[in-house]
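The following exercises ask the reader to examine a protein structure in stages. Each task is followed by a solution that proceeds step by step.

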Amino acid sequence: MSSATEGATAGFLVWRLSMKWRVAVDRAVAPLGLTHAQYVLVASLYGMGRSGLRPSQRGLADHTGLEPLYVSKLARALEAAGLVARTRDPHDPRAVQLSLTEQGRDVARRAIKVVQGLLDQLLEPLGGQDSPRTRQFTRELATLLDAPLDPYTENDEEQR
């Protein structure tokens with residue numbers, strides 16, 4: 001453990017790790033014309049498309065954890081770049097469905113390969129992507145993601 005993280009809280013370490021990951025992915029996918037957030041969208045669309053899904057912007061927002069308005073903004077930029085097609089949902093005219101173009105699928109495949117290389121590097125200290133430690137770490141991250149976070153808890157009422 002480095003001196004910068006010794007004695008740090010779990011929240012601080014989550015913050016540092018998320019920033020380290022975001023910066024690394026941003027740098028890695030920049031040569032492909034993507035930001036980290038755009039990568040999340042194209043990689044998610046790639047995976048969903050391979051499963052036969054064509055999500056709405058709202059569905060993609062729910063899947064990625066990004067705000068719907070942000071997904072809409074990102075989708076417009078990716079559409080302008082020729083990577084994403086946005087079409088009206090035939091069952092709900094208010095909804096917009098998203099899919100990758102052929103160029104988008106090509107960029108997604110290349111970006112996923114690059115990010116998988118980063119993930120290999122990140123998880124190497126735990127024994128690699130397929131190690132028991134990594135599987136446990138992944139389960140623990142999923143547990144934390146499933147835990148509700150409410151900034152207005154009963155304890156906060158006393159402080160207001």
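The exercises below concern a predicted model.

**Exercise 1. Overall architecture**

Determine how many helices and strands the protein has, and in which order they occur along the sequence.

Solution.
Step 1. Counting the elements gives seven helices and two strands.
Step 2. Reading along the sequence, one finds the pattern α-α-α-α-β-β-α-α-α.
Step 3. For the overall dimensions, the C-alpha atoms fill a box of roughly 50 × 45 × 25 Å along the principal axes.
Step 4. The protein has 160 residues, and buried residues make up 28% of them.
Step 5. The accessible surface comes to about 11,000 Å², and carbon and sulfur atoms account for 56% of this surface.
Step 6. Among contacts with a separation of 6 or more, 42% join residues that are 24 or more positions apart.

**Exercise 2. The two sides of helix 3**

Identify which residues of helix 3 are buried, and explain why they line one face of the helix.

Solution.
Step 1. Helix 3 spans residues 57–64.
Step 2. The buried residues of this helix are Q57, L60 and A61.
Step 3. Viewed down the axis of helix 3, these buried residues fall within an arc of 105 degrees, and therefore they line one face of the helix.
Step 4. A general rule is relevant here: an α-helix has 3.6 residues a turn, so residues three or four places apart point the same way.
Step 5. On the other side of helix 3, R58 and D62 are exposed.
Step 6. The cover over the buried residues of helix 3 includes helix 2, helix 4, strand 1 (84–89) and strand 2 (92–100).
Step 7. After helix 3 comes G65, which has a positive phi near 85 degrees.

**Exercise 3. Two buried residues**

Decide where P55 and S72 are placed, and why each of them counts as buried.

Solution.
Step 1. P55 is situated in the loop between helix 2 and helix 3.
Step 2. The relative accessibility of P55 is 10%; because the cut-off for buried is under 20%, P55 counts as buried.
Step 3. Leaving aside neighbours within four places in sequence, P55 is in contact with L45, M48, L60, V96, Q97 and L98.
Step 4. One of these contacts, L45, is 10 residues from P55 in sequence and 7.8 Å from P55 in space, C-alpha to C-alpha.
Step 5. S72 belongs to helix 4 (residues 68–80).
Step 6. With a relative accessibility of 9%, S72 also counts as buried.
Step 7. S72 and R58 are separated by 14 residues in sequence and by 8.6 Å in space, C-alpha to C-alpha.

**Exercise 4. Two partly exposed residues**

State in which elements T87 and E79 lie, and which residues each of them touches.

Solution.
Step 1. T87 is in strand 1.
Step 2. The relative accessible area of T87 is 32%, which means that T87 is partly exposed.
Step 3. Not counting residues up to four places away in sequence, T87 touches R54, A95, V96 and Q97.
Step 4. T87 and L119 are 32 residues apart in sequence, and their C-alpha atoms are 33 Å apart in space.
Step 5. E79 is in helix 4.
Step 6. The relative accessible area of E79 is 32%, so E79 is partly exposed.
Step 7. Not counting residues up to four places away in sequence, E79 touches V84 and R86.
Step 8. E79 and R105 are 26 residues apart along the chain, and their C-alpha atoms are separated by 13 Å.

**Exercise 5. The largest pocket**

Describe the largest pocket by its volume, its lining residues and the classes of those residues.

Solution.
Step 1. The largest pocket has a volume of about 1,600 Å³.
Step 2. Its lining consists of 35 residues, and those nearest the centre are S18, W21, H36, L141 and L145.
Step 3. At least two lining residues come from each of helix 1 (10–29), helix 2 (36–50), helix 3 (57–64), helix 5 (102–123) and helix 6 (132–146).
Step 4. Sorted by class, the lining of the largest pocket comprises 24 nonpolar, nine polar and two charged residues.

Note on methods: Residues are numbered from 1 along each chain as its sequence is written. This is a predicted model: local features need pLDDT of at least 70, side-chain atom pairs count only at pLDDT 80 or more; totals for chains, interfaces and linings use all residues. Side-chain values use heavy atoms; hydrogens and water are left out. On a 1 Å grid over the protein atoms alone, a cavity is a set of points where a 1.4 Å probe fits but cannot get out, and a pocket is an open set with protein on both sides within 12 Å along at least five of seven lines; lining residues have an atom within 4 Å of a point. Grid points are joined across faces, edges and corners, and a volume is the space filled by probe spheres set on the points. Helices (H or I, at least four residues) and strands (E, at least two) are DSSP runs, numbered from the N terminus. Ala, Val, Leu, Ile, Met, Phe, Trp, Tyr, Cys and Pro count as nonpolar, Asp, Glu, Lys and Arg as charged, and the others, Gly among them, as polar. Buried means under 20% relative accessible area, exposed over 50%, partly exposed in between (1.4 Å probe, protein chains only). Contact means heavy atoms within 4.5 Å. Accessible areas come from the Shrake-Rupley method with a 1.4 Å probe; for residues, only the protein chains shown count as cover. The arc is that of the directions from the helix axis to the C-beta atoms.
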